[in-house]
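Take a look at the sequence and the model below. This report walks through the fold, one part after another.

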Amino acid sequence: MEIIVKDNVEGMSKSAARVVARTLNSKPDAVLGLATGSTPLGLYKELVRMHEQEGLDFSQVTTFNLDEYVGLTQKHTQSYHYFMYENLFKHVNIPNQNIYIPSGSTDNYEAFCKWYEQRIVECGGIDLQILGIGSDGHIAFNEPSSSLGSRTRIKTLAKQTIDDNARFFDSPEEVPVYAITMGVGTILEAHKIILLANGKNKADAVAAAIEGPMTSMITASALQLHRDTMFIVDRDAASSLDMLDYYEWIQDKMPNAP
Ligand code: PGA
């Protein structure tokens, strides 16, 4: 794993945007795996800026989102569908037919999940997957105890996740209890992965994912098995890492550090 530590969330976002831009420059028809939540907001803002001011082109890009709440329609302001259009898709030139987001309102989840997995394969797999991390160590909505081989399916959200996400809803009771999410196994098939994290409340999860044992109780720790994963974190999120000095020493010597 590569670990990049930036001084603040802005540095984290810009660094991640450079990785995305490099991917698109070398493969204009790349398949991107996208995440929602507060963490990637700065990344999406920077990508929109690069599109508007530097001509970063998304016209051949395909995207697959990680997850969606079950029971929220696409128009619901807390749906991930709504989030993605507001924060990225409305502002860049990804063709609408190339955008895939798990459905939170299908009447056949089993068939939908199979189809979603199949579409990823038919599109050639995910070239670059963007991830956040939950304070419980989850990636996408793969909560503690999720199988590390899991595929796209319905998951019940952990109490910690419901509490964390209640800030976006009027009350904790309104946070959906179920989500449709790519599995850990689905994510591990991405060719390249970047995991972003900022803030003190992510420090323990980041340390457990990088330095702890691989365990289904911290699904981000499964990334230890992946050959091309980069953690891009701010100083607060890096603050519980035992080997921080070592990672920074490597980072200083990395010729192409983003
Ligand atoms: P956040 O969520 O970016 O809103 O902190 C991350 C996650 O739960 O994966």
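## Ile-194 and the nonpolar core

Start with Ile-194. Beyond its neighbours within four places in sequence, Ile-194 is in contact with Ala-16, Val-19, Leu-128, Gln-129, Ile-130, Leu-131, Met-230 and Ile-232. The model shown here is predicted.

Ile-194 belongs to the largest nonpolar core, a set of 76 residues. Within this core, Ile-194 is among the residues that touch the most other members, along with Leu-43, Leu-47, Leu-88, Leu-195 and Ile-232. Which element gives the core its largest share? Helix α1, residues 9–26, does so with 7 residues. Apart from this core lies another one, of 10 residues. Tyr-80, Phe-141, Leu-157 and Ala-166 are among its members. In soluble globular proteins, nonpolar side chains tend to be buried together.

## The chain as a whole

Now step back to the whole chain. The protein chain has 8 helices and 10 strands. Its C-alpha atoms fill a box of roughly 50 × 40 × 35 Å along the principal axes. A compact globule of 258 residues would have a radius of gyration near 18 Å, and the 17 Å of this chain agrees with that.

How much of the chain is buried? Buried residues make up 56% of the 258. The accessible surface comes to about 11,500 Å². Carbon and sulfur atoms account for 49% of that surface.

Contacts often reach across the sequence. Take the contacts between residues at least 6 apart in sequence: 79% of them join residues at least 24 apart.

Charge comes next. The chain carries 22 positive and 33 negative side chains. The centres of these two sets lie 3 Å apart.

## Two buried strand residues

Leu-34 sits in strand β2, which covers residues 31–34. Is Leu-34 buried or exposed? Its relative accessible area is 2%, so Leu-34 counts as buried. Not counting residues up to four places away in sequence, Leu-34 touches Tyr-44, Thr-63, Phe-64, Asn-65, Leu-66, Met-84, Leu-88, Phe-89, Gln-129 and Ile-130. Two of these partners, Gln-129 and Ile-130, are also in contact with Ile-194.

Phe-231 has its place in strand β10, residues 229–234. Its relative accessibility is 0%, so Phe-231 is buried. What does Phe-231 contact, leaving aside its neighbours within four places in sequence? The list is Met-1, Glu-2, Ile-3, Ile-4, Leu-195, Ala-209, Ile-210 and Leu-223. One of these, Leu-195, is also named among the core residues that touch the most other members.

## Two partly exposed residues

Lys-14 is in helix α1. At 32% relative accessibility, Lys-14 is partly exposed.

Gln-74 lies in the loop between β4 (67–69) and α3 (80–89). Its relative accessible area is 48%, so Gln-74 counts as partly exposed. Leaving aside neighbours within four places in sequence, Gln-74 is in contact with Ser-79, His-81 and Tyr-82.

## Sequence gap and distance in space

Each of the four residues just described can be paired with another residue. The table sets the gap along the chain beside the C-alpha distance.

| Pair | Gap in sequence | C-alpha distance |
|---|---|---|
| Lys-14 and Ser-171 | 157 residues | 33 Å |
| Leu-34 and Gly-132 | 98 residues | 9.6 Å |
| Gln-74 and Glu-122 | 48 residues | 25 Å |
| Phe-231 and Tyr-100 | 131 residues | 25 Å |

Look at Leu-34 and Gly-132: they are 98 residues apart in sequence, with 9.6 Å between their C-alpha atoms.

## A loop with positive phi angles

Last comes the loop between β6 (128–131) and β7 (153–156), where Ala-140 has its place. Ala-140 is not a glycine, but its phi is positive, at about 50°. With a relative accessible area of 8%, Ala-140 is buried.

Ser-145 is found in the loop between β6 and β7 too. What is the phi of Ser-145? It is positive, at about 85°, although Ser-145 is not a glycine.

Terms used
Residues are numbered from 1 along each chain as its sequence is written. This is a predicted model: local features need pLDDT of at least 70, side-chain atom pairs count only at pLDDT 80 or more; totals for chains, interfaces and linings use all residues. Side-chain values use heavy atoms; hydrogens and water are left out. Helices (H or I, at least four residues) and strands (E, at least two) are DSSP runs, numbered from the N terminus. The radius of gyration is taken over C-alpha atoms; the globule rule is 2.2 Å times the number of residues to the power 0.38. Buried means under 20% relative accessible area, exposed over 50%, partly exposed in between (1.4 Å probe, protein chains only). Contact means heavy atoms within 4.5 Å. Accessible areas come from the Shrake-Rupley method with a 1.4 Å probe; for residues, only the protein chains shown count as cover. Lys and Arg count as positive and Asp and Glu as negative; His and the chain ends are not counted. The place of a charge is taken as NZ of Lys, CZ of Arg, CG of Asp or CD of Glu. A nonpolar core is a set of buried Ala, Val, Leu, Ile, Met, Phe, Trp, Tyr and Cys residues joined through side-chain atoms within 4.5 Å.
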